[in-house]
Amino acid sequence: MLYRDLATQEAIDRAYDPMRGRDAAALVADWQARSDLTRARQRVSREVPYGPTLAECLDLYHAAGNVGEAGEPVPCHLFFHGGYWRALSHQEFGFVVDGLVASGITVAVVNYALCPAVAFGELVRQARAALAWVYHHAGSLGVDPQRLSVSGHSAGGHLCAMLLATAWAGDYGLPRDLIQGALCVSGLYDLEPFPWSWLQPKLQLTGRDVIDYSPVRQPCRVPAGVQLVAGGEESSEFARQMQAYAEHLRGQGIDVESAVLEGDDHFSLLEHYRPGGRFVDRITAFHS
């Protein structure tokens, strides 16, 4: 067997295929159009650099009502997009912010470099750099550095889990409880199958990468509340990985909730970021 009960690359590719009959081009076109509309109606600071490379930038969507500029600082939420670590950008995912900014939360939609232009570990480093940058610049951004939360979809869910595995005090000199809450949506938490998959020419994962960047193989170093979600209509491997990660966290005393949302596939899960959606409620609860 290459991975668990999966004996061939074809079996691994099927098990980790998020599309399952979806039209990728139509999905991305819809996200882009909706994100363009969001940017037209929200107050957004575009392409704000958080690091030295061009890929290290974010779009900052300011909380509704000018809160955070003239009044008390507001919570800030960082969203990390998916794309199997080798596709897409922050520009397609502005549509996730509408319900959050209406709830008084400033949202940073984070961009990061993609494989194979950079090594896999560089994606993790950039995700960490984005969160550290927001913390250090909280005053000028009008946000409260003690009320930061994160979420991510698919590969972005993996990056959020790696943020929870970060030694913020020892490596960055930042508070251990830097993150108030994390929502990982259909994330990948064990990288072991991917060197055997169609993604390997892009990801170029080494054996060391699989150990260092698999959240199920790393301690959770942040005492945050964690919400894990997978879709009932996507491959069962996404839910299995979610449950394995949930058990890994619970074994360390982390407060974690996990749920399989019946009727949702890998991509319809993103609709729960709509105003009034369950993800908006969960993220808002992190800061209550």
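**Entry 1: Asp59 and Arg46**

I looked up the burial of Asp59 in this predicted model. Asp59 is buried, its relative accessible area being 0%. I then asked which side chain Asp59 meets in a salt bridge. The partner is Arg46, with an N to O distance of 3.0 Å. Arg46 is partly exposed, at 39% relative accessibility. I also placed the two residues in the fold: Asp59 belongs to strand β2 (residues 57-61) and Arg46 to strand β1 (residues 44-49), so this salt bridge ties together parts that are 13 residues apart in sequence.

**Entry 2: Glu56, Arg125 and Glu122**

I next examined Glu56, whose side chain forms a salt bridge with that of Arg125 (3.0 Å, N to O). This pair links distant parts of the chain, since Glu56 sits in the loop between β1 and β2 while Arg125 sits in helix α4 (residues 120-136), 69 residues apart. Is Glu56 buried or exposed? I found Glu56 to be buried, with a relative accessible area of 1%. For Arg125 the relative accessibility is 34%, which counts as partly exposed.

I noted that Arg125 also forms a salt bridge with Glu122, where the closest N and O atoms are 2.8 Å apart. Both residues lie in helix α4; they are three residues apart, so about one helical turn separates them. Glu122 is partly exposed, with a relative accessible area of 22%.

**Entry 3: The wider set of salt bridges**

I recorded how many salt bridges the structure holds: the count comes to 15. I also looked for salt bridges that share partners, and found that they join Asp30, Arg34, Glu271 and Arg274 into one network. As background, side chains of opposite charge can pair when their charged atoms come close.

**Entry 4: Backbone geometry**

I turned to the backbone. Most residues other than glycine have a negative phi, and most peptide bonds are trans. I therefore listed departures from this pattern.

The peptide bond between Cys115 and Pro116 is cis, with omega at about 5 degrees. Pro116 is in the loop between β4 (106-110) and α4.

Arg20 has a positive phi, near 45 degrees, although Arg20 is not glycine. I located Arg20 in the loop between α1 (9-15) and α2 (24-41). Its relative accessibility of 49% makes Arg20 partly exposed.

Ser154 likewise has a positive phi, near 60 degrees. I found Ser154 in the loop between β5 (143-153) and α6 (155-164). Ser154 is buried, at a relative accessible area of 5%.

**Entry 5: Aromatic rings**

I searched the whole structure for aromatic pairs, and the search gave 16. I examined one of them, Tyr16 with Phe194: the ring centres are 5.1 Å apart and the planes meet at 65 degrees, so the pair is edge-to-face. The cut-off behind that reading is an angle over 60 degrees. Where do the two residues lie? Tyr16 is in the loop between α1 and α2, and Phe194 is in the loop between β6 (181-185) and α8 (200-203); the pair links distant parts of the chain, 178 residues apart. Both Tyr16 and Phe194 are buried.

I finally asked which residues form one aromatic cluster with Tyr16 and Phe194. The other members are Tyr84, Trp85, Phe120, Tyr213 and Phe238.

Note on methods: Residues numbered from 1 in each chain as written. Predicted model: local features only at pLDDT ≥ 70, side-chain atom pairs only at ≥ 80, totals over all residues. Heavy atoms only, no water. Salt bridge = Lys/Arg side-chain N within 4 Å of Asp/Glu carboxyl O. Helix = DSSP H or I, 4+ residues; strand = E, 2+ residues; numbered from the N terminus. Buried < 20%, exposed > 50% of the residue type's maximum accessible area, 1.4 Å probe, protein only. Phe/Tyr/Trp six-rings, centres within 6.5 Å; stacked < 30°, edge-to-face > 60°.
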